[in-house]
Amino acid sequence: MLQSVQKGFLVGLKTTWTLGKVIFPVTLIVSLLQYTPVLPWVISLITPLMNIIGLSGDAAIPIVLGNLLNLYAGIGAILTLDLTVKEVFIIAVMLSFSHNLLIESGVALKVGVKLWVILAVRIGLAFFSALIINLVWKGGSEMARYGFIPQNETELTGWGAMLLDGLQKAALGIFQLALIVIPLMIAIQILKDLKWLAVFSKWMAPVTRMLGMKENTSTTLAAGLLFGLAFGAGVMIQAVKEDGVSKKDVTLAFIFLVACHAVVEDTLIFIPLGIPVLPLLLIRLGVAIVLTLAVAYFWRRADLSKRKEATYEH
């Protein structure tokens, strides 16, 4: 157990360093850009689109960074902005569905899922969920407070003060990240070493069947749920090879996982943003189940229709 904790701690430090190399510069650059004409100009262009989903133009920054890079880059950008609780929640829901598109779409392609399916589902869910939340939720108008990140009560003057403010926000963002990532990596390492992933896969078998997939898809589903699409990529690709998962089942698994993956990590990392994370998790889980059941149902109908046509032809 001690060896697992030590290994997990080192992996956590390495992960924090890797992710910190994204968050720190992004937080610092976005923080400084706020005091230049560049960011206000970009925001003014995108504001009309953002208003449709109940967001200010500033919200475009974390959404774009989160989609092109990862959740941590998106969160790094949020830490620099003055947003309401409702806005932060909408951004969090959007990014939980649609983030790290470049890397995670690459994983989908390696496993054999079509690119257009993943992009359509992820981007579609992000915008549809934002529209619904904006229409349904009438509260959340108070300003969000970001954990340890201090709110600027006074106007900053001089590049020295602006740089110091950006460095402080970036450093505190990394510190909060480490507080979440290191314990998480220790827990994951213990799960791996105790072979509990295999046990969790067995527990997942009834859920897998309910969602319209064969039992041999459960390891792929378990890896994605626990570790995410990017972190769990190796496990998922290996599981598809070794377990002989069909193209239909792996597509259904990915449709479920693009809506709801890395349930522990992707939920916990939003805690410093001061938003309710339980509704965030329930929205992801609910959407994943309903969407997968719907796709599985229509897929079965299409297969039955094809079989009937083939029977009539013979």
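Biologist: Where does A59 lie?

Modeller: This is a predicted model, in which local features need pLDDT of at least 70, side-chain atom pairs count only at pLDDT 80 or more, and totals for chains, interfaces and linings use all residues. Residues are numbered from 1 along each chain as its sequence is written, and side-chain values use heavy atoms, without hydrogens or water. Helices are DSSP runs of H or I with at least four residues, strands are runs of E with at least two, and both are numbered from the N terminus. On that basis, A59 sits in the loop between α2 and α3 (60–68).

Biologist: Is A59 buried or exposed?

Modeller: Buried means under 20% relative accessible area, exposed means over 50%, and partly exposed lies in between, using a 1.4 Å probe and protein chains only. A59 has 0% relative accessibility, so A59 counts as buried.

Biologist: Which residues does A59 touch, not counting residues up to four places away in sequence?

Modeller: Contact means heavy atoms within 4.5 Å. With residues up to four places away in sequence left out, A59 touches M50 and I91.

Biologist: Where does helix α2 bend?

Modeller: The bend at a residue is the angle between axes fitted to the seven residues ending there and the seven starting there. Helix α2 covers residues 38–52 and bends by about 50°. A proline, P48, follows within four residues of the bend, which is at I46.

Biologist: Is W41 buried or exposed?

Modeller: W41 belongs to helix α2, where L39, I43 and M50 are buried. W41 has a relative accessible area of 55%, so W41 is exposed.

Biologist: What phi does G54 take?

Modeller: G54 comes just after α2. Its phi is positive, at about 75°.

Biologist: Which residues have the most contacts inside the largest nonpolar core?

Modeller: A nonpolar core is a set of buried Ala, Val, Leu, Ile, Met, Phe, Trp, Tyr and Cys residues joined through side-chain atoms within 4.5 Å. The largest one has 75 residues, and those with the most contacts inside it are L55, F254 and F270.

Biologist: Which helix gives the largest share of this core?

Modeller: That share is 10 residues. The helix covers residues 85–97 and is α5.

Biologist: Is R122 buried or exposed?

Modeller: R122 is in helix α7. Leaving aside neighbours within four places in sequence, R122 contacts nine-residue company that includes F97, E104, L229 and H261. Its relative accessibility is 0%, so R122 counts as buried.

Biologist: What is the relative accessible area of N134?

Modeller: N134 is found in helix α7 (residues 115–136). Residues up to four places away aside, N134 touches I52, I53, G54, K86 and I90. N134 is buried, with a relative accessible area of 19%.

Biologist: What is the phi of A262?

Modeller: A262 is in the loop between α12 (247–259) and α13 (265–268). A262 is buried, at 3% relative accessible area. Although A262 is not a glycine, its phi is positive, at about 45°.

Biologist: Which helix gives the most to the nonpolar patch?

Modeller: Patches use residues with over 30% relative accessible area and no salt bridge (a side-chain nitrogen of Lys or Arg within 4 Å of a carboxyl oxygen of Asp or Glu); like charges are joined within 9 Å, nonpolar side chains (Val, Leu, Ile, Met, Phe, Trp, Tyr) within 5 Å. M1, V5, L194, W196, V199 and W203 form this one, with about 640 Å² of accessible area together (Shrake-Rupley method, 1.4 Å probe, only the protein chains shown counting as cover for residues). The helix giving the most, with 3 residues, is α9 (residues 196–210).
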